[in-house]
Amino acid sequence: MAKRLLKYKNYDVHSITTATADGRRNANIATWVMQTSMGGTHLVVALYQPDFTIELVRESGILNVNLLAIDQTGLIRKLGQQSGRSKDKFKNLRYALDERGCPYLTEAVGYAQCRVLSEINAGDHDLFVCEVLKQIVLNPDKPVMTNAFIKEKKLVRG
């Protein structure tokens, strides 16, 4: 049996980080992030509805889209396969806070600092349309992690 067509797409792998005014924070793994305007002024980020990250993004209205590098494969399990409701995902994680108090991953290729403009229900994910406030390149020489790479390394089912 042939794969479904969309299984052939090779998405980049990101971590979405967020924090609320009262100090709650979380990070997850996301592959469905898309630039929606020329010049990179807007992105759409798909977040899985049951995740803790989506609750915090709704409350704070801010997030950072961290573009992961292939040397960060350990984050797939740490950030994507356990809940931030019961575990501090930032323990032993290299990160810093931007001027809004939102975490970003210092070992990522870089991150886009975003403000949520709107939200759309889209099946088992919700889409967050975001204005990109800044784009920061931290590690320009690191190769970008892709969905095909993590499938090849058997870090996710595929």
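This is a short tutorial dialogue on reading the sheet, pockets, aromatic pairs and backbone of a predicted model.

User: Let's start with the sheet. How many strands does the open sheet have, and what is their order?

Analyst: Happy to start there. The open sheet has seven strands, and reading across it gives β2-β1-β5-β8-β9-β4-β3, with antiparallel pairing. β2 and β3 are the edge strands: each has a single partner, so one side of each is left without a neighbour in the sheet. From one strand to the next, the twist averages 30°.

User: Which residues can I use to check the register between β1 and β2?

Analyst: Try T17, which stands opposite A27 in β2. Strand β1 covers residues 14-19, and its antiparallel pairing with β2 runs over six bridges. The hairpin of these two strands has five residues between them, and there G23 takes a positive phi near 95°.

User: And where would I look for the register between β5 and β8?

Analyst: Look at N64, which stands opposite Q113 in β8. β5 and β8 are antiparallel too, and they pair over six bridges.

User: Now the pockets. What is the general idea behind finding them?

Analyst: Picture a probe the size of a water molecule being rolled over the atoms; this shows where empty space is left. In this model, the largest pocket holds about 1100 Å³ of space. It is lined by 36 residues, and those closest to its centre are I29, T31, W32, H125 and V156.

User: Which elements give two or more residues to the lining of the largest pocket?

Analyst: Two strands and three helices do: β2 (25-30), β4 (42-48), α1 (52-60), α2 (74-80) and α3 (147-152). The largest share, four residues, comes from β2. That is the strand we met at an edge of the sheet. By class, the lining of this pocket divides into 15 nonpolar, 12 polar and nine charged residues.

User: How much space lies in the second largest pocket?

Analyst: The second largest pocket has about 560 Å³. Its lining has 25 residues, with H14, V33, M34, Q35 and L43 the closest to its centre. Strands supply at least two lining residues each in the case of β3 (33-35), β4, β5 (62-67), β8 (110-122) and β9 (125-137). The largest share here is five residues, from β9.

User: How does the lining of the second largest pocket divide by class?

Analyst: This lining has 16 nonpolar, seven polar and two charged residues.

User: Next, aromatic pairs. How many are there, and what do I look at to classify them?

Analyst: Check the distance between ring centres, then the angle between the ring planes: under 30 degrees apart counts as stacked, and over 60 as edge-to-face. The count here is two aromatic pairs. For F90 and Y95, the centres are 4.9 Å apart and the planes stand at 65°, so this pair is edge-to-face. Y104 and Y111 make a stacked pair, with 4.2 Å from centre to centre and 15° between the planes.

User: Are the residues of these pairs buried or exposed?

Analyst: Here the cut-off helps: buried means under 20% relative accessible area. F90 is at 3%, so F90 is buried, whereas Y95, at 28%, is partly exposed. In the stacked pair, Y104 is buried at 15%, and Y111 is buried at 8%.

User: Let's finish with the backbone. Which residues have a positive phi although they are not glycines?

Analyst: Two to look up are N92, with a phi of about 60°, and K154, also with a phi of about 60°. N92 is found in the loop between α2 and β6, while K154 lies in the segment after α3. Exposed means over 50% relative accessible area. N92 has 75%, so N92 is exposed, and K154 has 73%, so K154 is exposed as well.

User: What else is in the loop between α2 and β6?

Analyst: Q82 has its place there, before you reach β6 (95-97). At 29% relative accessibility, Q82 is partly exposed. Q82 and N28 are 54 residues apart along the chain, and 9.0 Å separates their C-alpha atoms.

Key
Residues are numbered from 1 along each chain as its sequence is written. This is a predicted model: local features need pLDDT of at least 70, side-chain atom pairs count only at pLDDT 80 or more; totals for chains, interfaces and linings use all residues. Side-chain values use heavy atoms; hydrogens and water are left out. Rings of Phe, Tyr and Trp (its six-membered ring) pair if their centres lie within 6.5 Å; planes under 30 degrees apart count as stacked, over 60 as edge-to-face and the rest as tilted. Buried means under 20% relative accessible area, exposed over 50%, partly exposed in between (1.4 Å probe, protein chains only). On a 1 Å grid over the protein atoms alone, a cavity is a set of points where a 1.4 Å probe fits but cannot get out, and a pocket is an open set with protein on both sides within 12 Å along at least five of seven lines; lining residues have an atom within 4 Å of a point. Grid points are joined across faces, edges and corners, and a volume is the space filled by probe spheres set on the points. Ala, Val, Leu, Ile, Met, Phe, Trp, Tyr, Cys and Pro count as nonpolar, Asp, Glu, Lys and Arg as charged, and the others, Gly among them, as polar. Two strands pair if DSSP finds at least two bridges between them. Axes are lines fitted to C-alpha atoms, for helices over the stretch in contact, and angles run from 0 to 180 degrees between N-to-C directions.
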